[in-house]
Amino acid sequence: MRILLVEPNARKAQETTRHMERAGFTVDHVDTGHDALGMLKSYNYDLAVMDICMPDMDSYEIIRTSRVARVPTPVLILSDESAATAKVKAFSTGADDYVTRPYESMELTARMQAIVRRSKGYSEPTLRAGPLELCLDSREVRVNGANVHLTGKEYIILELLLLRKGMVLTKDAFLNHLYGGMDEPEMKIIDAFICKLRKKLQLAGAGQLISTVWGQGYVLRDENNSFTLPSSESSVHLQTR
């Protein structure tokens, strides 16, 4: 999962980033409200985690502005402010959760995962497609109950496909999710990752879950399920090899 951390305090940002990365999240950090809005409008994050106070605007204004701009990214407020009025204001503005410092690492991770699951329409930590299961909490992948070993990049790609099951994802979307616009390799590396991921899942008995939509990208779907294009195009060729 890709997280945008909005935190002006460098020490707190480093501490929070370390915790999130240990929990398996990919983290981008900004320290101003304007930078946060720019990143939210430019990239598709699974979650934004914000302190209330920014040097240029507070998180309430960031949330309001992003919602007006139709940015769907859910928001968790992580703040030293424990007053009930601050929490009420955050929720009324559009925040999805509110955690006060000091926090328990396991609780913060669980809350973040729960928000992302709810935003994608899932009520439990295990994502499924046919015989394939991916547990967001443990980062384990199983096919017919047997564990499948994936590299870090392969796991991130599979997690993204499952969280957006039935939606066609472009190669640009994968590059953005994997590298966040920083030192991105050539686009053909996505084809290589998908090829290796397909082989591992097929050898484990998952079948042909990942399909190629020519000229668009890739989609993960249960058998006989429809899929959604990322654009208005209505006629494409779907291939499963």
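## Reading strand E4 and the cysteines

Tutor: Let's warm up with a cysteine: Cys195 has 35% relative accessibility, so it counts as partly exposed. Keep in mind that this is a predicted model.

Student: Why does Cys135 count as buried?

Tutor: The cut-off for buried is under 20% relative accessible area. Cys135 comes in at 12%, so it counts as buried.

Student: And how many disulfides does the structure hold?

Tutor: A disulfide needs a pair of cysteine sulfur atoms within 2.5 Å. Here the count is 0.

Student: On to strands. How many residues of E4 are buried?

Tutor: Look at the strand residue by residue, then face by face. E4 spans residues 75-79, and 5 of its 5 residues are buried. One side carries Val75, Ile77 and Ser79, the other Leu76 and Leu78, and both faces are covered.

Student: In which sense do E3 and E4 pair, and over how many bridges?

Tutor: Two strands pair if there are at least two bridges between them. E3, residues 47-50, pairs with E4 in the parallel sense over 3 bridges. To get from E3 to E4, the chain passes through helix H3, residues 59-68, in a right-handed β-α-β crossover.

Student: What joins E4 to E5?

Tutor: Those two strands run parallel as well, joined by 4 bridges, with E5 covering residues 97-100. Helix H4, residues 84-93, sits in the β-α-β unit with E4 and E5, and that unit is right-handed.

Student: Which residues stand opposite Ile77?

Tutor: Find Ile77 in E4 and look across to each partner strand. Met50 stands opposite Ile77, and so does Tyr98 in E5.

Technical notes. Residues numbered from 1 in each chain as written. Predicted model: local features only at pLDDT ≥ 70, side-chain atom pairs only at ≥ 80, totals over all residues. Heavy atoms only, no water. Buried < 20%, exposed > 50% of the residue type's maximum accessible area, 1.4 Å probe, protein only. Right-handed = clockwise from strand over helix to strand, strands pointing away.
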